[in-house]
There are 2 protein chains.
Amino acid sequence: MNDDAQLETDLRAEGVRVTRQRLAILHVLRMASDHPRAEDILNRAKVQDPSVSQATVYRTLAMLEKAGTVLKNEFDGAGARYELAGGAHHDHLIDLDTGEVIEFHSQKIERLQAEIAADLGYDIEWHRLELYGRRPKAR
Amino acid sequence: MNDDAQLETDLRAEGVRVTRQRLAILHVLRMASDHPRAEDILNRAKVQDPSVSQATVYRTLAMLEKAGTVLKNEFDGAGARYELAGGAHHDHLIDLDTGEVIEFHSQKIERLQAEIAADLGYDIEWHRLELYGRRPKAR
DNA sequence: TGACTTTTCGCAAATCGTTCTCATTATCAT
DNA sequence: ATGATAATGAGAACGATTTGCGAAAAGTCA
Ligand SMILES: [Mn+2]
Ligand SMILES: [Mn+2]
Ligand SMILES: [Zn+2]
Ligand SMILES: [Zn+2]
């Protein structure tokens with residue numbers, strides 16, 4: 001597990017200045033496992049550094065997304081939800097009752113997507129696969 | 001091919017009043033094959049009835065969506081894009097260069113999605129599968 | 001048709017998440 | 001430490017969509 005000093009290294013690797021605010025935001029993302037919204041990230045970052053502003057949260061997220069460090073998910077409903085990009089590609093299942101986000105991956109689906117696009121004469125740049133469902137009522 | 005008188009029947013079937021504006025909007029949707037945005041629908045509807053307003057376009061689309069007559073697609077980028085729900089379920093491939101929307105359907109993928117959700121203990125209510133790609137440059 | 005009730009309309013103002021402006025502050029190579 | 005300049009906070013602006021409100025149109029039943 002990376003400690004907070006690693007965050008500084010990560011930022012420097014991207015050639016940007018290491019600011020308190022960016023460290024706080026990255027720390028929040030490191031700790032999160034719930035695909036938080038910008039507003040959640042702001043609130044959590046403020047615990048570590050009360051000076052963090054909304055504008056900086058959005059700016060930092062946009063910057064990290066461009067750098068490939070962060071993934072921005074535009075699920076149905078309110079605003080975007082973010083997560084660190086670290087691991088392998090995965091798609092999401094959203095619980096319509098709780099809002100919980102569950103991750104999954106299907107090599108078969110990924111392959112089929114590529115085949116379909118190829119048949120249509122396209123190369124896929126990226127894709128979005130989201131399942132919206134609920135747990136069947138106890139029975 | 002349905003004529004415009006059919007539109008009136010469609011509206012009555014939904015138990016709402018038949019207005020010039022609604023007929024114009026439905027007509028536009030009937031003619032469209034390009035997944036138009038609300039703004040496009042407004043502009044096209046104005047040709048038939050210049051009195052149609054933006055608010056009515058949004059209100060009518062929301063109403064038709066709730067009735068299951070219209071599908072609202074929230075693709076990446078600007079605003080939502082609409083289409084009549086008539087046919088069979090399909091997903092979309094968006095051309096990143098032209099914005100063109102291509103429809104496709106894979107029974108295999110649909111089945112895999114259901115299996116994945118079932119394994120996770122969920123029933124899928126709806127899903128979104130969008131492929132974003134481009135035609136390989138001529139070579 | 002005309003009076004009466006209900007729905008829908010256009011317009012403008014409000015929302016909401018996100019982006020931008022700009023004066024001020026902080027980082028960092030020197 | 002100093003200076004160049006990147007990054008920040010506060011709040012205004014934005015764009016798509018939604019909503020409140022009084023006016024107009026649609027449905028109802030003589
Ligand atoms: Mn995820
Ligand atoms: Mn379609
Ligand atoms: Zn995937
Ligand atoms: Zn599908």
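A residue counts as near a strand if one of its heavy atoms lies within 4 Å of it. Keep that cut-off in mind for this tour of a predicted model.

Start by selecting DNA strand D and its atoms within 4 Å of the protein: 66% of them belong to sugar or phosphate, and the rest to bases.

Now pick out the protein side. There are 20 residues around DNA strand D, and the ones that come nearest are Ser51(A), Ser53(A), Thr56(A), Arg59(A) and Tyr58(B). Colour the surface near the strand by class and you get 7 nonpolar, 7 polar and 6 charged residues.

Which helices should you highlight next? Try α2 (20–31) and α4 (54–66) of chain A, plus α4 (54–66) of chain B, since each supplies at least two residues of that surface. With 4 residues, α4(B) gives the most.

Time to zoom in on single side chains. Select Arg17(A): an N or O atom of its side chain is 3.1 Å from a sugar or linking oxygen of DNA strand D. Hop to Gln21(A), where the side chain has an N or O atom 2.9 Å from a sugar or linking oxygen of the strand. Then go to Arg59(B), whose side chain places an N or O atom 3.1 Å from a base oxygen of DNA strand D.

Finally, zoom out to both protein chains. A turn of 180 degrees, with a shift of 0.0 Å along the axis, lays chain A on chain B with an RMSD of 0.1 Å. The two copies are thus related as by a two-fold rotation axis. To find that axis, click Leu129(A): among chain A residues, its C-alpha comes closest, at 2.3 Å. The copies meet through the same surface, because 100% of the interface residues of chain A are also interface residues in chain B.

Conventions. Residues are numbered from 1 along each chain as its sequence is written. Chains are lettered from A and ligands numbered from 1 in the order in which they are written. This is a predicted model: local features need pLDDT of at least 70, side-chain atom pairs count only at pLDDT 80 or more; totals for chains, interfaces and linings use all residues. Side-chain values use heavy atoms; hydrogens and water are left out. Copies are superposed by least squares on the C-alpha atoms of residues with pLDDT of at least 70 in both. Contact means heavy atoms within 4.5 Å. A polar contact is a pair of N or O atoms within 3.5 Å; within protein, one must be able to donate a hydrogen and the other to accept it, and residues adjacent in sequence count only if both atoms are side-chain atoms. Ala, Val, Leu, Ile, Met, Phe, Trp, Tyr, Cys and Pro count as nonpolar, Asp, Glu, Lys and Arg as charged, and the others, Gly among them, as polar.
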